[in-house]
Amino acid sequence: MGKTAVVTDSNSGITQAEAKELGITVIAMPFYIQGTTFFEDVNLTQEQFYEKLAEGGEISTSMPAVGDVTGLWDRLLEEYDEIVHIPMSSGLSSSCETAYMLAQPYDGRVQVVNNQRISITQRRSVMDAIKLAEKGKSAFEIRELLEREKFESSIYIMVDTLKYLKKGGRITPTAAALGTLLRIKPVLQIQGEKLDAFAKARTVKQAKGIMLEAMQNDCKNRFGDASGKNMYIDIAYTKDREAALLFEQEVKEAFPGQQCVVNPLSLSVSCHIGPGALAIGCSHKFAE
């Protein structure tokens, strides 16, 4: 069986340094900040991003340039027989659909995975793809197997401030003002295709309790695995890693034996929710 290259984007939380260690390629997502283009983890670090966010600069997300994507594929196909490309969820960005269209002239040598993942759940898909490629699975087989598990994941996110949801037009100024006055900490969810409201909390402690209860309920009732032993349960955060590590201990108490990955949340999501957010995500452990 020929060699299969694995490609993803920086929404997976996999850094450029980690990509080299894993033998994969991570496409850096572009951002426009005050009219200047930056690329995540290339010339824009997590720290620089939050500094610019705090300064109030206009930040917008974008898709990788078409020529950058196809140029990368062309270079990889000089070394590999085929490519499995794992972008962020098609429900959160059009980059997946664009990649799918760009792959059509490659006669099946580039397989684009649309499995509705982002951040820590997308990372797990990438790790599964690496293992499958090492076992000799073709890019087509890997895509089919990953898409079969597309909805076997769940993410809950606590937002610490309503400022950025208001700025992005996701809530009205009145709702933001009232929520700030009441010190509301919204809990959002990603169940496959998009980011939705889930619950409201008054404190960080209450929000963490809501997320843990929701994750326990998903494991028990949705995935039929109350202990979570057949699930990967991971944590993501914006800016405050210390808070995420404290949350990790609570997660491990709720799900004994879990070895959590604790990663910064994708900047593509972070720019809409701001610093201080905490997230918990689960993915079904891959079984062929």
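In this predicted model, the axes of helix α5 (residues 119-134) and helix α6 (residues 139-148) come within 10 Å and cross at roughly 145°. The handedness of the α5 and α6 crossing is right-handed. On the α5 side, the contact draws on Ser125, Asp128, Ala129, Leu132 and Ala133, while α6 supplies Ile142, Leu145 and Leu146. Sorted by character, the residues of this contact of α5 with α6 comprise 6 nonpolar, 1 polar and 1 charged.

We may turn next to the sheet. Its 6 strands form an open arrangement with mixed pairing, and reading across gives the order β10-β9-β8-β13-β11-β12. Strands of a sheet pair through backbone hydrogen bonds, in either a parallel or an antiparallel manner. Because β10 (195-201) and β12 (262-264) each have a single partner strand, these two stand at the edges, and one side of each is left without a neighbour in the sheet. Between neighbouring strands of the sheet the average turn is 25°, with direction ignored.

The β12 edge can be followed down to individual residues. Strand β11 (residues 231-237) runs parallel to β12, and 3 bridges join the pair. One residue pairing to look for on screen is that of Tyr237, whose bridge partner in β12 is Pro264.

A helix accompanies this sheet as well: α9 (residues 204-222) packs on the sheet and touches β8 (153-158), β9 (185-190), β10, β11 and β13 (278-284). Relative to β8, the direction of helix α9 makes an angle of about 170°.

Methods. Residues are numbered from 1 along each chain as its sequence is written. This is a predicted model: local features need pLDDT of at least 70, side-chain atom pairs count only at pLDDT 80 or more; totals for chains, interfaces and linings use all residues. Side-chain values use heavy atoms; hydrogens and water are left out. Two strands pair if DSSP finds at least two bridges between them. Helices (H or I, at least four residues) and strands (E, at least two) are DSSP runs, numbered from the N terminus. Axes are lines fitted to C-alpha atoms, for helices over the stretch in contact, and angles run from 0 to 180 degrees between N-to-C directions. Contact means heavy atoms within 4.5 Å. A crossing is left-handed if the near helix is turned anticlockwise from the far one by less than a right angle, and right-handed if clockwise. Ala, Val, Leu, Ile, Met, Phe, Trp, Tyr, Cys and Pro count as nonpolar, Asp, Glu, Lys and Arg as charged, and the others, Gly among them, as polar.
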